[in-house]
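Here are my notes from a pass through this one, in numbered points. Have the viewer open while you read.

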Amino acid sequence: MAFSHNFFLFVCLLLSISISPSIALTSSRPKALVLPVSKDSSTQQYLAQLNQRTPFVPVKLTLHLGGQFIWVDCEQGYVSSSYKPARCRSAQCSIAGSKSCGECTSSRRPGCNNDTCSLLPDNPVIKTATIGELAQDVVSIQSTDGKNPGRAVSVPQFLFACGKAFLLEALANGVKGIAGLGRTRISLPSQFSAAFSFDRKFAICLSSSTRANGVVFFGDGPYVLLPGKDVSQSLIYTPLILNPVSTAAATFAGDPSAEYFIGVNSIKINGNAVKLNTSLLSINKQGFGGTKISTVNPYTVMETSIYNAVIQAFIKEVKNIPRVAVIAPFGACFNSTFIGSTRVGPAVPQIDLVLQSSNVFWRIFGANSMVQVKSDVLCLGFVDGGFYTRTSIVIGGYQLEDNLLQFDLAKSKLGFTSSLLFQQTTCANFNFTSN
Ligand SMILES: *[C@@H]1O[C@H](CO)[C@@H](O)[C@H](O)[C@H]1NC(C)=O
Ligand SMILES: *[C@@H]1O[C@H](CO)[C@@H](O)[C@H](O)[C@H]1NC(C)=O
Ligand SMILES: *[C@@H]1O[C@H](CO)[C@@H](O)[C@H](O)[C@H]1NC(C)=O
Ligand SMILES: *[C@@H]1O[C@H](CO)[C@@H](O)[C@H](O)[C@H]1NC(C)=O
């Protein structure tokens with residue numbers, strides 16, 4: 001009796017010892033995380049910096065909304081005492097969806113170990129991929145209450161792939177890899193949500209300025225931008241669509257796309273529908289067609305017939321504004337001295353991407369449609385993607401700036417605000433001063 005009583009006490013003690021750290025963890029577990037995002041002026045890529053490795057080093061990465069995972073160059077200067085390759089047939093390999101397992105013939109280092117599974121890191125700018133070891137290492141990031149950054153938190157075993165130095169081609173100066181936010185189990189949002197048990201949601205808000213940072217939030221709102229506006233309150237929702245065929249440069253057969261597609265059903269300019277071949281707007285069995293959102297395309301890219309129809313319809317709506325010689329890569333340019341300005345940019349016809357019903361649309365105002373190419377020239381910021389494009393419409397970075405987009409992975413829906421300039425704030429207005 002006494003024995004069992006003591007035993008019971010002992011078990012309780014053990015339990016309390018093992019439970020209390022996790023209680024401490026729970027009470028201080030972050031509800032959301034925040035990452036500043038800069039815009040690189042020479043490549044127009046959006047860059048984020050994470051602390052990784054032991055000891056921590058800042059690692060600059062190009063943000064890729066539809067990227068499958070993080071990959072970094074492990075060939076040059078990867079030094080870390082906490083680097084661990086993922087062994088073949090481990091849980092890590094299975095979570096990452098790796099379908100390959102291998103040996104490495106050169107000397108052992110991060111990125112080159114035997115009996116490890118691998119992934120296919122890709123560079124979406126040059127559309128090239130390589131094979132790279134799956135590994136884990138510690139990553140640290142700041143928590144947030146939605147208003148300011150809070151203390152830094154870390155994920156000790158963050159999964160990523162090892163890329164190679166050649167794969168950094170065409171990425172911004174100083175960048176060491178790609179930060180993928182796509183719809184996979186090992187993308188940044190998925191791993192952060194799993195590590196801290198918060199909602200499988202994240203939001204991006206890209207700044208239009210190369211001098212002021214935009215922001216990515218991991219987790220649910222509030223997302224507060226100065227002067228004290230919680231922009232998560234003004235979201236309009238549309239379903240996210242799964243493209244069943246991968247759109248990456250290389251993938252394992254049968255993998256769906258990690259990119260975010262939405263259902264654009266028509267395009268209206270000044271309220272008038274543009275005549276389009278609507279079959280291009282849906283995704284066919286081979287994964288062609290449809291509309292995706294991309295942070296690695298600086299401007300929206302449209303399949304030629306859609307592009308021509310949109311350009312012609314736009315020109316028709318602004319026939320009183322003098323056109324000037326086009327400046328590549330754009331196809332319609334105007335003398336800006338004849339264009340007025342509004343709170344939401346140059347006073348030009350609104351372009352509506354009409355979604356699941358006629359009253360749900362993503363309205364593009366002048367600030368997101370017109371690009372100042374010279375002091376007196378504004379061009380429509382869309383580019384021609386050619387015929388037979390893989391994806392008919394790729395909504396690019398310029399059209400996303402100063403719009404907040406929230407991706408809800410559990411409910412597979414996108415929330416968007418349209419231009420924040422209407423709400424008298426911008427994506428550069430998150431208060432990055434810690435409190
Ligand atoms: C992997 O194993 C092979 C064969 O046993 C060996 O020759 C090679 O050096 C090993 N590579 C590493 C990186 O350990
Ligand atoms: C519309 O696009 C589809 C898919 O590319 C193509 O097969 C069809 O011929 C096009 N229709 C017209 C009228 O151009
Ligand atoms: C734009 O219009 C102004 C005023 O008419 C003119 O001086 C200027 O040269 C024009 N710019 C271009 C690029 O045509
Ligand atoms: C930004 O946050 C800090 C810390 O809470 C605060 O002291 C400061 O006043 C805020 N800045 C603005 C412009 O509100």
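1. Let's take ligand 2, whose surroundings are Asn277, Ser279 and Leu280. This is a predicted model, so please read the distances below as computed from its coordinates. Asn277 puts a polar side-chain atom 2.3 Å from an oxygen atom of ligand 2. For Ser279, an N or O atom of the side chain is 3.2 Å from a ligand 2 oxygen. On its own ligand 2 would expose 360 Å², and 26% of that is buried by the protein.

2. On to ligand 3: which residues are around it? They are Val324, Asn335, Thr337, Phe338, Asp376 and Val377. Sorted by class, this shell has three nonpolar residues, two polar ones and one charged one. Three side chains are worth a click for their polar atoms. Asn335 has one 2.2 Å from an oxygen of ligand 3, and in Thr337 a side-chain N or O atom is 3.3 Å from a ligand oxygen. Asp376 faces a nitrogen atom of ligand 3 instead, with a side-chain N or O atom 2.9 Å from that nitrogen. Of the 360 Å² that ligand 3 exposes when taken alone, the protein buries 42%.

3. Ligand 4 has Asn148, Leu226, Asn431, Ser434 and Asn435 around it. How does that shell divide by class into nonpolar, polar and charged? There is one nonpolar residue, there are four polar ones, and none is charged. A polar side-chain atom of Asn148 sits 2.9 Å from an oxygen of ligand 4, while for Asn431 the distance from a side-chain N or O atom to a ligand oxygen is 2.3 Å. The protein buries 41% of the 360 Å² that ligand 4 exposes when taken alone.

4. While you're at Leu226, check the peptide bond that follows: from Leu226 to Pro227 the bond is cis, with omega near 0°. Pro227 belongs to the loop between strand S15 (224-225) and strand S16 (229-230). The bond from Thr54 to Pro55 is also cis, with omega near -5°. Pro55 is in the loop between strand S2 (46-52) and S3. These get a mention because most peptide bonds are trans.

5. One backbone angle to look at is that of Asp402: phi is positive, about 60°, although the residue is not a glycine. Asp402 is located in the loop between helix H6 (397-400) and strand S33 (403-408).

6. Back to the neighbourhood of ligand 3, where some of the sequence also belongs to a sheet. Four strands make up this open sheet, ordered S23-S24-S30-S29 and paired antiparallel. Its edge strands, each pairing on one side only, are S23 (323-324) and S29 (370-374). S23 is joined by two bridges to the antiparallel S24 (residues 333-335), and Arg323 is opposite Phe334 in S24.

7. What is the strand order in the other open sheet of four? The order is S20-S19-S27-S28, with antiparallel pairing. At the edges are S20 (272-273) and S28 (361-364), each pairing on one side only. S19 (residues 266-269) pairs antiparallel with S20 over two bridges, and Ile269 has Asn272 in S20 as its bridge partner. Helix H4 (residues 304-317) lies across S19, S20 and strand S27 (351-354), and runs at about 20° to S19.

8. S12 (residues 177-180) is worth tracing, as two pairings involve this strand. S3 (residues 57-64) pairs with S12 in the parallel sense over three bridges, with His64 opposite Gly180. S4 (residues 70-73) pairs with S12 in the antiparallel sense, also over three bridges, and here Trp71 has Ile178 as its bridge partner.

9. A last spot is Ser100, in strand S6 (residues 100-102). Which side chain makes a polar contact with that of Ser100? The partner is Ser118, at 2.7 Å. Neighbours within four places in sequence aside, Ser100 is in contact with Thr116, Cys117, Ser118, Ile131 and Phe252.

Technical notes:
Residues are numbered from 1 along each chain as its sequence is written. Chains are lettered from A and ligands numbered from 1 in the order in which they are written. This is a predicted model: local features need pLDDT of at least 70, side-chain atom pairs count only at pLDDT 80 or more; totals for chains, interfaces and linings use all residues. Side-chain values use heavy atoms; hydrogens and water are left out. A residue is near a molecule or strand if one of its heavy atoms lies within 4 Å of it. A polar contact is a pair of N or O atoms within 3.5 Å; within protein, one must be able to donate a hydrogen and the other to accept it, and residues adjacent in sequence count only if both atoms are side-chain atoms. Accessible areas come from the Shrake-Rupley method with a 1.4 Å probe; for residues, only the protein chains shown count as cover. Ala, Val, Leu, Ile, Met, Phe, Trp, Tyr, Cys and Pro count as nonpolar, Asp, Glu, Lys and Arg as charged, and the others, Gly among them, as polar. Two strands pair if DSSP finds at least two bridges between them. Contact means heavy atoms within 4.5 Å. Axes are lines fitted to C-alpha atoms, for helices over the stretch in contact, and angles run from 0 to 180 degrees between N-to-C directions.
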